[in-house]
Amino acid sequence: MSGSGVGDLALQDLSTVADAIAAGKTTSVQATEACLARIEAWQPRTNAFIRVKKEQALAQARAMDKEIASGKRRSLLHGVPMAHKDMYYRTGEVSTGGSAIRRNWTAPKTATVLERLDAAGVVELGFLNMAEFAAGPTGHNVHFDHCRNPWDRTRVTGGSSSGSGASVAARMVYGALGSDTGGSIRLPAAACGVVGIKATYGRVSRAGALARSWSLDHVGPLTRTVRDNARVLAAIAGHDPEDSTTSEKPVPDYEAALAGGVKGLRIGFALPHGIVPVEASVGAAVQAAADALGRLGATIVPAKIPDFTALYRAAEVIVKSEAAAMHRPWMEAGEPYANQVRTRMEAGFFIPATHYIDALRLRAHFVKEFLATAMDGVDAVLIPSIPFPLPTIEETDTETKGGPAVLKMVASFTGLMRPFNTLGIPSLAVPCGFDGNGVPIGLQLIGRPFDEAMVYRIGHAYQGVTDHHLKVPA
Amino acid sequence: MTPEYDGPKFDDKRLAELKQEVDILCKAVLEASRARLAFDDEPAAFASLMAKEGK
């Protein structure tokens with residue numbers, strides 16, 4: 001691989017490059033330079049980065065190579081370049097949150113997940129574009145300009161982790177952290193043709209990550225393959241005293257579990273109506289994925305999906321209430337928000353506290369019901385991600401309209417995503433085809449609480465017999 | 001008894017939109033709550049359940 005040129009190196013996946021660095025077949029500097037070359041070519045086309053840390057990244061890569069030369073390998077991620085949504089704090093560095101309000105704000109601490117990636121030897125290439133304050137399912141950003149889909153720059157990337165999806169898809173980075181409050185990892189993963197996981201609530205620390213909604217925020221990685229994703233999640237997951245909501249459950253060896261295959265597993269399958277119906281071409285792609293898993297030995301059965309309406313509305317009550325509380329000083333001061341961001345939070349000022357508390361109290365009931373219906377007798381559930389072919393940036397631009405137009409657009413994108421933030425259970429987005437415009441289609445694999453290993457196992461088996469994840473935007 | 005609203009100010013058109021939005025959300029939560037919630041249900045039950053259900 002090292003002799004095949006820098007361009008080819010960038011096209012390898014994270015695990016391959018990490019293992020090659022460990023084996024001395026390539027170096028962290030070569031991998032970093034390969035990514036920087038891709039960034040130079042693709043940043044003008046995608047606007048995926050807010051800041052590129054070229055010199056710091058190269059210095060970090062040299063240090064990682066020196067350690068490898070001395071026989072020290074920090075982890076399975078040693079020397080691999082990544083970049084992250086610009087909402088993970090690093091002491092002394094600007095962290096914009098995709099906003100004008102924090103354009104020059106300097107973080108007073110470092111996010112736990114970044115500390116863990118530092119300890120693992122990951123090289124940090126920079127920070128990535130995102131929806132303002134992680135609020136937006138499309139990738140629109142009026143302050144840093146919209147992020148553009150590498151497969152078709154007129155189309156949305158999905159959001160709010162827009163730069164994370166675009167940068168991984170365009171092979172500018174081997175992996176990226178995103179965050180997911182109503183689909184914000186899985187939407188860009190689906191739209192850009194990469195893998196993204198919203199793990200169980202409490203699996204990954206939120207400390208030092210800009211909040212959208214404390215009760216519904218999930219931190220997780222976007223990568224090119226399921227194996228890569230499992231490797232990154234293993235590095236960042238686990239209890240953190242800085243985040244009291246994190247679980248003390250041991251973190252499994254996700255990568256080791258990939259070998260299990262799907263033979264003998266039971267997978268529930270559905271094309272549910274979540275706010276909007278599943279469009280035929282998307283349904284056909286996800287059906288084909290179910291068929292592929294069936295041929296691998298899984299038993300595919302109809303999933304009994306409950307009505308998502310109450311789950312969706314409860315999430316909205318929670319996120320609007322919490323967002324209104326945290327943004328209140330800036331909103332009262334008339335600070336500069338995008339219309340589509342500000343108007344989504346305004347209802348939070350009028351939601352009674354009793355309804356907010358009831359929405360939180362309902363979560364346990366919703367989880368019990370989902371486990372007793374959709375997950376009854378199955379190991380995982382397979383559904384689509386975004387239920388329609390990806391629209392253009394222009395078609396979904398609600399900035400001048402605000403209010404009800406924004407709500408309608410958001411609901412259509414997140415109808416099959418947001419319920420799983422309410423439930424807090426794992427959901428893995430995996431690419432499963434391309435629509436008539438040549439833009440990716442994604443599926444979701446839903447698992448039981450803390451059973452990320454199962455959705456990874458199924459996703460990995462699926463990628464073993466398909467090549468959607470190997471295709472590279474031209 | 002209702003304390004004066006002390007949040008950001010909105011014009012009448014926007015207030016009407018917000019009322020409609022809040023009504024939809026609250027109605028859904030109220031219906032779900034009436035069908036499910038009992039006196040002893042607390043928000044922390046979610047975290048306990050997840051820990052118990054987790055493998």
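What follows is a walk through a two-chain model, from its confidence scores to its helix packing and a few backbone oddities.

This is a predicted model, in which local features need pLDDT of at least 70, side-chain atom pairs count only at pLDDT 80 or more, and totals for chains, interfaces and linings use all residues. Residues are numbered from 1 along each chain as its sequence is written, while chains are lettered from A and ligands numbered from 1 in the order in which they are written.

Let's start with confidence. The model scores ipTM 0.96 and pTM 0.97. Chain A has an average pLDDT (the predictor's confidence in each residue, from 0 to 100) of 96, with 99% of the residues at 70 or above. One stretch to treat with care is residues 1-7 of chain A, where pLDDT is below 50, although the stretch has 13 contacts in the model beyond near neighbours in sequence. Where pLDDT is low, the predicted coordinates should not be read in detail. For chain B the average is 92, and 95% of the residues score at least 70.

Now to where the chains meet. Counting two residues as in contact if their C-beta atoms, placed from the backbone, lie within 7 Å, chain A brings 41 residues to the contact and chain B brings 28. Helices and strands here are DSSP runs (H or I, at least four residues, for helices; E, at least two, for strands), numbered from the N terminus. On the side of chain A that touches chain B, helix 11, helix 13 (353-372) and helix 14 (403-414) each supply at least two residues, and helix 13 gives the most, with 13 residues. By class, that side of chain A has 21 nonpolar, 8 polar and 12 charged residues; Ala, Val, Leu, Ile, Met, Phe, Trp, Tyr, Cys and Pro count as nonpolar, Asp, Glu, Lys and Arg as charged, and the others, Gly among them, as polar.

Two of those chain A helices pack on helix 1 of chain B. Two packed helices are described by the angle between their axes and the distance between the axes. Axes are lines fitted to C-alpha atoms, for helices over the stretch in contact, with angles running from 0 to 180 degrees between N-to-C directions. Helix 11 (residues 309-332) of chain A meets helix 1 (residues 12-36) of chain B at about 120 degrees, with the axes 9 Å apart. That makes the pair oblique: angles under 35 degrees count as roughly parallel, over 145 as roughly antiparallel, 65 to 115 as roughly perpendicular and the rest as oblique. The crossing is left-handed, which is to say that the near helix is turned anticlockwise from the far one by less than a right angle (clockwise would be right-handed). Among the residues making this contact are Arg313(A) and Val317(A) on one side and Leu25(B) and Val29(B) on the other.

Helix 13 of chain A crosses helix 1 of chain B at roughly 50 degrees, the axes coming within 10 Å. This pair is oblique, with a left-handed crossing. Contributors include Asp358(A) and His365(A) from helix 13 of chain A, and Cys26(B), Val29(B) and Arg36(B) from helix 1 of chain B. Their contact has 6 nonpolar, 3 polar and 2 charged residues.

How do helix 11 and helix 13 of chain A pack against each other? Their axes lie 9 Å apart at an angle of about 135 degrees, an oblique arrangement with a left-handed crossing. Leu311(A) and Ile318(A) are among the helix 11 residues in this contact, and Tyr356(A) and Phe366(A) among those of helix 13. The class split is 9 nonpolar, 2 polar and no charged.

Elsewhere in chain A, take helix 6 (residues 162-169). A residue is buried if 20 or more other C-beta atoms lie within 10 Å of its own, exposed if 12 or fewer, and partly exposed in between, with C-beta atoms placed from the backbone. In helix 6, 8 of the 8 residues are buried, so the helix is largely enclosed by the rest of the structure.

The loop between strand 3 (123-128) and helix 6 of chain A holds Ser160(A), and the peptide bond from Gly159(A) to Ser160(A) is cis, with omega near 10 degrees. Ala134(A) lies in that loop too; its phi is positive, near 60 degrees, in a residue other than glycine. Ala134(A) is buried, with 29 other C-beta atoms within 10 Å.
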